[in-house]
Amino acid sequence: MARPAKAKPVAAPEATCIRTGGSVEEIKQAILDNMVCVQGRFAPVATRNDYYLAVAYTVRDRLLAQWAKTAHTYYEKASRTVCYLSAEFLLGPQLENHMINLGLYEAVRQAVGELGLDFRALIDQEEEPGLGNGGLGRLAACYLDSLATLNIPAIGYGIRYEFGIFTQEIRDGWQQEVADQWLRMGNPWEVARPEIAYDIPFGGHTESVPDDNGLYKVRWIPERRIRGVAYDTMITGYASPSVIMLRLFKAEATNSFDLRSFNVGDYYGAVHDKIGSENLTKVLYPNDEPLAGRQLRLMQQFLFVSSALQDMIRIFFQREKDLRRFHEKYAIQLNDTHPAIGVAELMRLLVDVHGIGWDEAWEITRKTFSYTNHTLLSEALEKWPVPLFQSILPRHLEIIYEINRRFLDDVRRDHPGDEGLVRRLSLIDEGGEKAVRMANLACVGSRRINGVARLHTDLLREQVLNDFNRISPEKFLNVTNGVTPRRFMVLSNPALVALISECIGPAWIRDLSRLRELEPFAEDAVFLDRWRAINRRNKELLAEIIRTRTGIATDPDSLFDVQVKRIHEYKRQHLNVLHVIALYSRIRRGETGGLPPRTVLFGGKAAPSYFMAKLIIKLIHAVAETIHADPKTAGLLRVVFLPNFNVKTAHHVYPAADLSEQISTAGKEASGTGNMKFSMNGALTIGTLDGANVEIREEVGAENFFLFGLTAAEVEQKWREGWHPGEAIAADEGLREAIELLESGFFSRGDRGLFLPLTRTLRERDDYMLCADYPSYIAAQDRVGRTWLRQKEWLRMGVLNVARVGNFSSDRAIREYCEKIWQVNPVEIG
C-alpha cells in the first residue's frame with residue numbers, strides 16, 4: 001500500500017524530548033516508556049491493544065503539546081471563537097489521521113516496525129468512537145478538521161455517549177442491534193476534566209420573587225440536578241500548528257453515593273441516583289417511540305447545551321468582565337435542531353442567573369446563534385409535546401412563551417390580519433396536541449439560517465421555512481456541505497494521493513481547487529493505466545473484506561456498484577434492488593450480451609423502530625440469496641450487504657467504488673456528503689437532481705454524471721395533479737414483473753406475505769416516486785453498463801470527477817461560514 005502524503009512536521013515546543021520529539025528514536029523510546037509509565041505493562045505480557053495504546057499515547061503527547069500552545073495563543077489574543085454545537089460527532093478512528101496531520105506518519109510507522117510490531121494491525125486495533133450515526137455527525141467531524149487546518153479558533157460541544165447508536169449484526173437477513181461498547185478497551189484520545197463540571201437542573205417548578213430593587217424575577221426550583229462533566233478530545237489540522245478541542249459532556253450524579261442508605265442495608269438505594277443520572281448519556285439517540293425515550297432524548301439535549309453555554313461563560317470570565325459582550329466573543333452554530341434549546345437556555349442564564357434585562361439579553365442571544373437546517377422532511381423537524389417539555393424544563397417553557405408573545409406581536413404589527421401566518425410562525429404548534437417547535441425557536445433566535453446545498457436552501461425558502469423567509473429574508477443563505485480530503489483521500493486512498501501529488505504536487509491537499517491541474521492527465525494513456533491499477537488494488541482489498549465479513553466472493557474486475565448510507569425509504573435502496581431484479585431477469589432469460597459483470601454493494605443502518613427500513617435490509621439479503629443460488633449468475637452478478645457500515649469501513653469502500661448510487665427522490669435529501677466522498681475517489685455518480693448532486697453534476701460536467709428521474713418541481717407537480725403509482729406499474733413491464741416476483745414469494749422461499757408491506761406501499765401510495773423514476777433509472781443503468789465496457793472512457797470520466805471536485809472540500813465550506821456567518825478570522829499560532 002502506498003504511504004499517505006506527508007505533511008510538513010509541526011514544530012514541537014522549544015526543546016525536543018522523548019515526550020514531544022519527532023525522530024524515529026524518540027518515538028520508539030516514547031512508545032516503550034508509555035507502555036510502562038502510563039499503562040503499567042511490559043513487553044512479554046503486552047497485548048496488541050497494549051501496544052496500540054502505547055502508540056496512541058505517544059502521538060497524543062505530541063498533539064497535546066501543540067494544543068497547549070494553541071489554547072495559550074487563543075487566551076492571550078482573546079480570540080473570537082466558533083462554538084459548534086452538535087448532538088453527533090462521527091470522528092472515525094483517530095490514530096492514523098493524527099499521524100498524517102502532524103507529519104509523523106513515516107516516523108511512527110518506522111518506529112513501530114523497528115520495535116517488531118505489525119503497523120497495520122495496530123491501526124486496525126482502534127475502536128471507532130460511537131459518537132455519531134450518519135451524515136450529520138460526519139459533517140461535524142469534517143468541519144472540526146477544517147477549522148483546525150485553517151487556524152480558526154473553535155470548540156466543538158457535544159455528548160460523550162457511553163454506547164454508540166448500535167453495532168449492526170445480520171441474522172437471517174434481518175438487522176439486529178447490539179450495544180456498541182466502543183469504550184470497553186479504553187479511549188486514549190480523551191482527557192477527563194472532572195474539575196470542569198456543571199449542575200444541570202431538571203423538572204420542578206418556578207416562582208416569582210422580588211429582587212433587591214423590588215422588581216420581580218423568576219426563580220427555578222428544580223426537582224433534581226445532574227452534573228455534566230467535561231471530557232476533551234483534541235482535533236488536529238493538516239500541516240497546521242493549530243489543535244482545537246472537542247468538549248463532550250458525560251452525565252453524572254451530583255451525589256453518587258448515599259451513605260445513609262448503604263448503612264441501613266439499602267445497597268441499591270445507595271447508588272440509585274448515580275445509576276439514574278448516568279443513564280442520561282448512555283446511548284446515542286435512545287428509542288423515542290415510548291414516552292421515556294422522548295424524555296431521555298430531551299434531557300440529553302439540554303444537558304449538553306446547558307453545560308456548553310455555562311462553559312463558554314466560564315471561559316469568557318477568564319479575561320472579560322462584562323457579559324454583555326458575550327456575542328462579540330462567541331459565534332455559536334446550531335447543527336440542526338437538537339441544540340436549539342440553547343436559545344432559551346442562554347436567555348435563562350443571562351436573565352435569571354446574571355441579571356441582564358430581557359431586551360438586552362435577547363439582543364445578545366440573537367447576535368450569538370446561527371442555525372443550520374439539515375432536512376426537508378417535516379417529520380424530522382423536532383417538536384416536543386408541551387406537557388413533556390413542561391415536566392422537564394418548566395422555566396424554559398415560560399421563556400419560550402415570552403419569546404413567542406413578543407415575536408408574534410411583531411408579526412401582527414407588520415402583517416395585520418394574517419392570522420394564518422401567525423399560526424405557522426408560532427413557536428407553539430396549536431394544532432392537535434400542543435408542541436414546542438424547535439426549528440421555529442432556532443429561526444427566531446438566530447441571526448443567520450443556512451441550508452446545506454443550493455437546492456436545499458431554495459426549498460427551505462420556498463417551502464419548509466417559507467414564512468420565516470418572507471418576514472426575514474436577510475437571514476437566509478446557502479453554504480453547501482463539504483468533506484475533508486485528509487480523511488477521505490489522504491488516509492483512505494494513499495496510492496491515488498501519491499499519484500496525484502507526483503503529477504501536480506501536494507499543495508492540493510490544503511487547497512482542493514488545485515485538483516483542476518489534473519485535467520490534462522485524463523488524456524494520458526500511461527497515467528490512466530496507473531489510475532486503473534490503483535483502483536484494481538483498492539477493489540482487491542475491499543473484496544477481501546467482503547469475503548471475510550460475509551463469506552461472499554466478489555470479482556475485482558466487475559463493476560463495483562455501491563450504495564452505502566442510512567437505510568430510509570426516501571434514499572430508495574429498494575429502487576436499487578428493483579434494478580438488481582431487472583438484471584437478474586435478463587440473466588435468467590439469457591439476455592447477457594453487453595451486460596458487464598456487476599457487484600452491487602449495500603451498507604447502512606436502519607433506525608431500530610423503523611420497520612420498513614429493516615424490511616428493505618431483509619429484501620436485499622433475500623434477493624442476494626436467490627441470485628447467488630442460481631448458477632446462471634456466476635461471473636455476472638453478485639449482491640452484498642456489508643454489515644455495520646461505519647467510518648472505518650468507509651475508508652475501504654469509497655476508494656474501491658466504480659459507481660456511486662445517489663438516487664434519493666428529488667427534493668428530499670438536504671445535501672448528502674457520501675456523493676462527494678465517492679467523487680473525490682474517482683467513482684462516477686448515477687443520481688437524481690437532489691441535494692448536492694445538482695452542484696456536483698455542474699462541476700464535474702453533465703457528460704460525466706448518469707442523470708435520471710424527476711426534478712423536485714416535477715415531483716411536486718405530480719402530487720398536485722394526483723399521483724397514481726398503479727398506472728406507472730401497469731405501463732412498465734419490467735417494473736410490473738419485479739413487483740410480482742416479490743409478491744409471489746420467489747425471493748422469500750415461498751412466503752408471499754413477507755414483502756407485501758413494501759409492494760403494497762408502492763402500489764397504493766409510492767410516497768417517494770419509485771415507480772415514476774423506475775424507467776429513467778433503468779435507462780441510466782443501461783448507459784452505465786455500456787460506458788463501463790469502454791474502459792478508457794470510464795477512466796477518463798473518473799479522473800475528471802476527481803479533478804473537478806474541489807468545490808466540495810470542507811475547507812471551502814468553513815471559509816464561507818467564517819466570512820458569511822461567523823465573522824471569525826484565522827489566528828496565527830505563535
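1. Let's start with charges. A search of the whole structure turns up 66 salt bridges. Please keep in mind as you read that this is a predicted model. The idea behind such pairs is simple: side chains of opposite charge can pair when their charged atoms come close. A few of them are worth finding on your screen.

2. Look up Lys 614 and Glu 177. Their side chains form a salt bridge, with N and O 2.8 Å apart. This pair links distant parts of the chain: Lys 614 belongs to helix H23 (residues 611-629) and Glu 177 to strand E4 (residues 174-178), with their positions 437 residues apart in sequence. Is Lys 614 buried or exposed? Lys 614 counts as buried because its relative accessibility is 15%, and the cut-off for buried is under 20%. Glu 177, with a relative accessible area of 33%, is partly exposed.

3. Stay with strand E4 for a moment. Strand E3 (residues 167-171) is joined to E4 by five bridges, and the two run antiparallel. Opposite Glu 177 in E4 stands Gln 168, so you can use the salt-bridge residue from the previous point as a landmark here. Two residues lie between the strands of this hairpin, and Asp 172 there takes a positive phi near 55°.

4. Next, find Arg 395 and Asp 352, whose side chains meet in a salt bridge at 2.6 Å, N to O. Arg 395 sits in helix H14 (residues 394-414) and Asp 352 in helix H11 (residues 342-353), so this salt bridge ties together parts 43 residues apart in sequence. Both Arg 395 and Asp 352 are buried.

5. Arg 537 and Glu 540 also make a salt bridge, and their closest N and O atoms are 3.1 Å apart. How far apart are Arg 537 and Glu 540 in helix H21? They are three residues apart in H21 (residues 525-550), which means that about one helical turn separates them. The general rule helps here: an α-helix has 3.6 residues a turn, so residues three or four places apart point the same way. Arg 537 is partly exposed, at a relative accessible area of 46%, and Glu 540 is partly exposed too, at 30%. Elsewhere, salt bridges with shared partners join Arg 193, Asp 232, Arg 247, Asp 311 and Arg 314 into one network.

6. Now for a charged residue without a salt bridge. Lys 329, in helix H10 (residues 326-329), is buried but has no such partner: the nearest side chain of opposite charge is that of Glu 320, 7.2 Å away. What lies 2.8 Å from a polar atom of the Lys 329 side chain? The backbone oxygen of Ser 79 does. Leaving aside residues up to four places away in sequence, Lys 329 touches Ala 78, Ser 79, Arg 80, Thr 81 and Phe 316.

7. Turn to the sheet. Nine strands make up an open sheet with mixed pairing, in the order E5-E8-E9-E2-E1-E10-E11-E15-E16. Its edge strands, each pairing on one side only, are E5 (190-202) and E16 (476-478). On average, and ignoring direction, neighbouring strands of the sheet are turned by 25° against each other. Strands of a sheet pair through backbone hydrogen bonds, either parallel or antiparallel. For a parallel example, take E11 (residues 369-372) and E15 (residues 448-451), which are joined by three bridges. In this pairing, Thr 372 stands opposite Asn 450 of E15.

8. Helices pack on this sheet. Helix H12 (residues 358-368) touches E10 (330-335) and E11, and its direction makes about 40° with that of E11. Helix H17 (residues 454-464) touches E15 and E16, at about 160° to the direction of E16.

9. Also in the sheet is strand E9 (residues 243-253), which holds Ala 253. Ala 253 counts as buried because its relative accessibility is 8%. Measure from C-alpha to C-alpha and you should find Ala 253 and Ile 226 5.3 Å apart in space, although they are 27 residues apart in sequence.

10. Finish with helix H20 (residues 494-504). Its buried residues include Leu 496, Val 497, Leu 499 and Ile 500. The buried residues of H20 pack against helices H19 (485-491), H21, H25 (674-680) and H32 (791-803). After H20 comes Gly 505, with a positive phi near 85°.

Note on methods:
Residues are numbered from 1 along each chain as its sequence is written. This is a predicted model: local features need pLDDT of at least 70, side-chain atom pairs count only at pLDDT 80 or more; totals for chains, interfaces and linings use all residues. Side-chain values use heavy atoms; hydrogens and water are left out. Helices (H or I, at least four residues) and strands (E, at least two) are DSSP runs, numbered from the N terminus. Buried means under 20% relative accessible area, exposed over 50%, partly exposed in between (1.4 Å probe, protein chains only). Lys and Arg count as positive and Asp and Glu as negative; His and the chain ends are not counted. A salt bridge is a side-chain nitrogen of Lys or Arg within 4 Å of a carboxyl oxygen of Asp or Glu. A polar contact is a pair of N or O atoms within 3.5 Å; within protein, one must be able to donate a hydrogen and the other to accept it, and residues adjacent in sequence count only if both atoms are side-chain atoms. Contact means heavy atoms within 4.5 Å. Two strands pair if DSSP finds at least two bridges between them. Axes are lines fitted to C-alpha atoms, for helices over the stretch in contact, and angles run from 0 to 180 degrees between N-to-C directions.
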